[in-house]
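Got the model open and a selection box ready? Let's walk through it stop by stop, picking something new each time.

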Amino acid sequence: MANCQAIVPNFEFTEAQIKEAVKNNRLLSMEIEFSLRCNFHCQYCYIPDKSSFDNELSFEELSDCLLQAKALGVKKIIVLGGEPMLYPQVLKMLKFIRAENLDVEMFTNGFGITLEMAKELLDLGVLVVLKMNSRKEDVQDALAGKKGAYKIIQDAFNNLRRAGFPAKTKRLGVSTIVCQQNFEEIISMWEWLRQQEIQPYFEIITPQGKGRQNEWLHVDSQKLKETFFKIAQIDRKKYGIQWDPQPPLIGIKCLRHQFSCLLNSQGYILPCVGINIPLGNIRQRRLADIIKESEVIQDLRNYQANIKGPCRQCDKTDSCYGCRGAAYQMTGDYLASDPLCWNNIEHQSEIVHLPAAVNRFIPQQPPMQVIDTLVSIGERTANINVTISNDMLFVRDDGTLDETAYLELIAQSIAAQAGFKQVGVTSQAVEGFLLGARNLEIYASARIGDILAISIEKYARFGDFGIFKGRIFRGEDLLAQGEVKVWEDKKKL
C-alpha cells in the first residue's frame, strides 16, 4: 500500500497544465487499483485484511475507463493495490496502457518480479516503485506482517538492478512509510537511494485502516519536522536538489486533487485513497461527468477559497494544503486543516472534528432547533442525529412528534451541511431559503426518547438552486421522507 505517490514537485506537470486541468474539469493523472488482493499484511495499510474481492472490475471495464481518462487529458497512470503483480492480467494491462502512450508508475512489494519480469517491465518503460520500509530483515518482515517479506523485496530489487534499472529513461523508485520502527534509518536510507539515483518516495502514514488502529507506528510531528529539514539540507548540499519541507511527502509537493483521482477496484471514483468518499461509479456514469459534477472535486480544486482553519492562514497555501487524506480521516472533513502538520501543533483547538454539535452551523436555537449533531458529510450528502426531548417545540402533549417537525428536521439538516462548510472560512452566516417541499411521506411517529438519524442528499442542482431528498430513520425503520427545494447563496458557499 502507498497512501500518496509522486515523483517530483507537481507530479512532473507544469503550473500551466494544472491550471488548465482545473479550469476545464480535466485530469493529468489517475491512480488505479487492478485488485485489492495482496500477499502482505502491512501494519499501516488502508485496506482491511478482510476486504471483499467480489465485484471487481473486469479487464474490459478497466481498459474502457482508462480510455475515458485519456480523453480527459490523463498522461500518467499510477498503479496501486493490493499487490498489482497478483492481478492475473497485469502484463496485458500494462501493455494496453503503454500502447495508449500513457506513462505508468507501478507500486509493488516485489512479489513475482523475477529477472524475466524485470526485463519485461524495463522494456515496457514502466517506472517501478518498490515498497521497502527497512534494510533490516526483522523490521521489514514485522511491518509487512509477513515472514519472508524482506527476501521477496530484496530479490525483486536485485532483479530490477540486473535487468538495467535505473537508467536515464528507465527509472526506479522505492516507497517508504516513515514510522517509529524505521525512523532511525530514514536519513541513511534516503542517502543510500540518492547515491544509486533511485527515486525515494517517503511519506507519513495516513491514519486510516490499520494505520489508524496501530498508533504505535506514528511519529511525533516535531520529530518529523526535524527529519524533513535535515533531509532537505542533505539534498541541497550534497545533490543540489532544492525543496521546501512540508508534510506529508518528503521532497515532494502534493496538490493531487487539482488534476488526479483514484479508480478503485470496484469502479468507484475517489479523490484519493485518503479521502475515501465515493464520487460515482464508472459502471453507472461516465468519468467526465463524475469529475465535472462532483462537489468534492470542485471544493478541492478551489481549495484556497474553501480550506478551513489554520491551513487557510498558512503562507504556503499557493503550494500546500496539508494532507487532505489525514484531514478527512481525523476530522471527517476533507476541507479541515491537517491535524498532523507540524505548523498546526499549537492550533488543534481551532480544527473542528465530526461528529459535532450543530449549534455553530445553523441559525435556529432551542426550542426551534430540532437537530443535535452533524455526524458525517460526503459527496452531496450529510448525516445528522437528534434525540427527541420533551422541551422541543414540536412535541405534542402525548409525547409524540408533530408531523410538521419532519420537514423541519430535513430543512435544518440541509442548513447544517451548508453552515459546516463555512466554519473556519468566514464568520458570515450562510444565506439560503426553503422554496418548497413535495412528496413528503410519513410512515410512523417518533416520540420522546427516540434517537433519529436524518440523511440528506442533493440529487439535483441548477445554479444556486438545489433539490434535496431527506430520509428520517429510527434505527433501521424509515419514519418519513420527502424532497426539499432550496436556494443557496453560492457567493458564500
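Select Gly82 first: this residue of the predicted model sits in the loop between S2 and helix H3 (90–99). Now show the backbone from Gly81 into Gly82, where the peptide bond is cis, with omega near 5°.

While you're in cis territory, jump to Pro166. You'll find Pro166 in the loop between H6 and S5, and the bond leading into it from Phe165 is cis too, with omega near -15°.

**The nine-stranded sheet**

Next, go to cartoon view and pick out the strands of the open sheet. Nine of them line up as S6-S5-S4-S3-S2-S1-S7-S8-S9, with mixed pairing. Which strands stand at the edges? Those are S6 (199–204) and S9 (280–281); each has a single partner strand, so one side of each is left without a neighbour in the sheet.

Now select S1, residues 29–33, and check how covered it is: five of its five residues are buried. Colour the two faces separately if you like. Ser29, Glu31 and Glu33 are on one side, Met30 and Ile32 on the other, and every one of these is buried.

S1 has parallel company. With S2 (residues 76–80) it makes five bridges in the parallel sense, and Glu33 stands opposite Leu80 there. With S7 the pairing is again parallel, over two bridges; look for Glu31 opposite Leu262.

Just upstream, click on Asn25 in the loop between helix H1 (15–23) and S1. Asn25 isn't a glycine, yet its phi is positive, at about 55°.

Further along the sheet, select S4 (residues 127–131) together with S5 (residues 172–178): the two run parallel and are joined by four bridges. To line them up, use Val129, whose bridge partner in S5 is Gly173.

**Helix H5 and its cover**

Then pick H5, residues 137–144. Which of its residues are buried? Val139, Gln140, Asp141, Leu143 and Ala144. Add helix H6 (149–163) to the selection, as it is part of what covers those buried residues. Step just past the end of H5 and you reach Gly145, with a positive phi of about 65°.

**The nonpolar core**

Time for some spheres. The largest nonpolar core has 138 residues, and Met30, Leu401 and Leu409 touch the most other members. Helix H15 (residues 404–420) gives the most to this core, with seven residues. You've already met Met30, on one of the covered faces of S1.

Centre on Leu409 and ask what it touches beyond its neighbours within four places in sequence. The list to select is Val370, Ile371, Val386, Leu401, Leu452, Ile454 and Ile472.

**A hairpin and another odd Asn**

Now move to S15 (residues 465–474) and S16 (residues 477–488). These run antiparallel, with ten bridges joining them, and they form a hairpin with two residues between them. Zoom in on the turn, where Gly475 has a positive phi of about 65°. Right by the turn, Arg474 stands opposite Asp477 in S16.

For a counterpart to Asn25, select Asn439 in strand S13 (residues 432–442). Asn439 isn't a glycine either, and it has a positive phi of about 55°. Is Asn439 buried or partly exposed? Its relative accessibility is 48%, so it counts as partly exposed.

**Cavities**

Switch on your cavity display. Rolling a probe the size of a water molecule over the atoms shows where empty space is left. How many cavities of 30 Å³ or more does a search of the whole structure find? Four. The largest holds about 100 Å³ of space.

To see what surrounds the largest cavity, select Pro247, Cys311, Cys314, Lys316, Thr317, Cys320, Tyr321, Gly322, Cys341, Asn343 and Asn344. Coloured by class, that lining splits into six nonpolar, four polar and one charged residues.

**Last stop: Gln242**

Finish with Gln242, in the loop between helix H9 (221–239) and strand S7 (262–263). Why does Gln242 count as exposed? Because its relative accessible area is 56%, and the cut-off for exposed is over 50%. Then draw a C-alpha to C-alpha distance from Gln242 to Gly325: the two are 83 residues apart in sequence and 26 Å apart in space.

Note on methods
Residues numbered from 1 in each chain as written. Predicted model: local features only at pLDDT ≥ 70, side-chain atom pairs only at ≥ 80, totals over all residues. Heavy atoms only, no water. 1 Å grid on protein atoms, 1.4 Å probe; cavity = no way out; pocket = protein on both sides within 12 Å on 5 of 7 lines; lining within 4 Å. Points joined across faces, edges and corners; volume = space filled by probe spheres on them. Nonpolar A, V, L, I, M, F, W, Y, C, P; charged D, E, K, R; others polar. Pairing = 2+ DSSP bridges. Buried < 20%, exposed > 50% of the residue type's maximum accessible area, 1.4 Å probe, protein only. Contact = heavy atoms within 4.5 Å. Core = buried A, V, L, I, M, F, W, Y, C linked by side-chain atoms within 4.5 Å.
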